[in-house]
Amino acid sequence: MIKVVAINGSAKMEKGNTALVLAPFIDGMKKAGASVELFYAKRLNVKPCTAEFYCWNKKPGQCHIDDNMQMLYPKLRRAGILVLATPVYIPLPGEMQNLINRLCPLFEPILEFREGRTRARFHAGVNIRKIVLASTCGWWEMGNFGTVLRIAEEFAKDVNAEFAGAVLRPHAYLMRGNGEKVKNVTDALRQVGYELVRKGRMPKKLLEVTGQPLISEEEYRRSLNDDYEKVKNKEKS
Ligand SMILES: Cc1cc2nc3c(=O)[nH]c(=O)nc-3n(C[C@H](O)[C@H](O)[C@H](O)COP(=O)(O)O)c2cc1C
């Protein structure tokens with residue numbers, strides 16, 4: 001049975017848009033037979049990396065910081081797929097960045113020149129073969145994911161794992177509605193999770209559905225600006 005570890009970096013945890021999008025994706029993976037463990041970076045309360053290179057130069061593969069990462073490391077070593085789930089917070093929530101920094105003990109500094117840059121690789125005992133990004137953002141365009149997408153892609157290259165793709169849900173607030181389009185997106189999220197586990201890939205066609213516009217850019221922008229006007233007027237009165 002393939003093991004999946006999913007980390008949700010949202011400050012809103014279970015109540016956030018990212019959780020809303022991640023849930024059907026995880027359902028699909030479970031339906032395909034994966035065992036999935038979900039963690040919230042905020043709840044793990046991960047301390048920042050102290051940059052002493054203890055995990056590289058003193059005790060390779062071990063982190064000296066005694067916190068919840070010590071519980072997570074063995075689970076990460078056993079997982080075949082790592083899902084990094086995060087909202088765009090120009091670019092990452094602090095808790096998620098802390099957690100990513102603390103993944104250093106999983107890879108070793110036997111440096112290689114790969115894909116145009118100096119890169120490391122996971123320790124032999126780390127099973128993760130695929131890294132997936134699941135992300136939500138508040139504004140309308142896919143372009144808002146540029147930096148976060150790059151972070152996930154570069155991380156996968158740095159550890160010599162396959163970047164298996166990204167589930168990206170822009171104007172994610174609208175996922176709280178229950179129209180036909182929202183249902184199509186939710187169904188596609190479930191199907192993408194299923195295919196990832198069964199076939200090892202996330203079909204482009206399905207990813208287009210998960211990221212499809214729910215309303216026009218102009219309509220969305222206008223509604224956000226109207227909401228803000230109401231807040232300002234209330235503040236004045
Ligand atoms: C500090 C902060 C920065 C954000 N920056 C962006 C941004 O640059 N682009 C964007 O589209 N959305 C941005 N957002 C909106 C979130 O990405 C969006 O609401 C997301 O779906 C929140 O997910 P969550 O509810 O799981 O936290 C930002 C939100 C916060 C709190």
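**Exercise 1.** How far does a polar side-chain atom of Ser 10 lie from an oxygen atom of the ligand, and what are the distances for Thr 18 and Thr 136?

*Solution.* Before we start: this is a predicted model, where local features need pLDDT of at least 70, side-chain atom pairs count only at pLDDT 80 or more, and totals for chains, interfaces and linings use all residues. Numbering runs from 1 along each chain as its sequence is written, and side-chain values use heavy atoms, with hydrogens and water left out.

Step 1: take Ser 10, which puts a polar side-chain atom 2.8 Å from a ligand oxygen.
Step 2: for Thr 18, a side-chain N or O atom is 2.7 Å from an oxygen atom of the ligand.
Step 3: Thr 136 has a polar side-chain atom 2.8 Å from a ligand oxygen.
Step 4: on its own the ligand has 650 Å² of accessible area, and the protein covers 77% of that (Shrake-Rupley method, 1.4 Å probe).

**Exercise 2.** Which classes make up the shell around the ligand?

*Solution.* Step 1: the ligand has 16 residues around it (a heavy atom within 4 Å).
Step 2: sort them, and you get eight nonpolar, seven polar and one charged.

**Exercise 3.** Which kind of aromatic pair do Trp 56 and Phe 107 form, and which do Phe 53 and Trp 56 form?

*Solution.* Step 1: recall the cut-offs: ring centres within 6.5 Å, with planes under 30 degrees apart stacked, over 60 edge-to-face and the rest tilted.
Step 2: Phe 53 and Trp 56 have ring centres 5.7 Å apart and planes at 40°, so they're tilted.
Step 3: Trp 56 and Phe 107, at 6.0 Å centre to centre and 70° between the planes, are edge-to-face.

Terms used. A polar contact is a pair of N or O atoms within 3.5 Å; within protein, one must be able to donate a hydrogen and the other to accept it, and residues adjacent in sequence count only if both atoms are side-chain atoms. Ala, Val, Leu, Ile, Met, Phe, Trp, Tyr, Cys and Pro count as nonpolar, Asp, Glu, Lys and Arg as charged, and the others, Gly among them, as polar.
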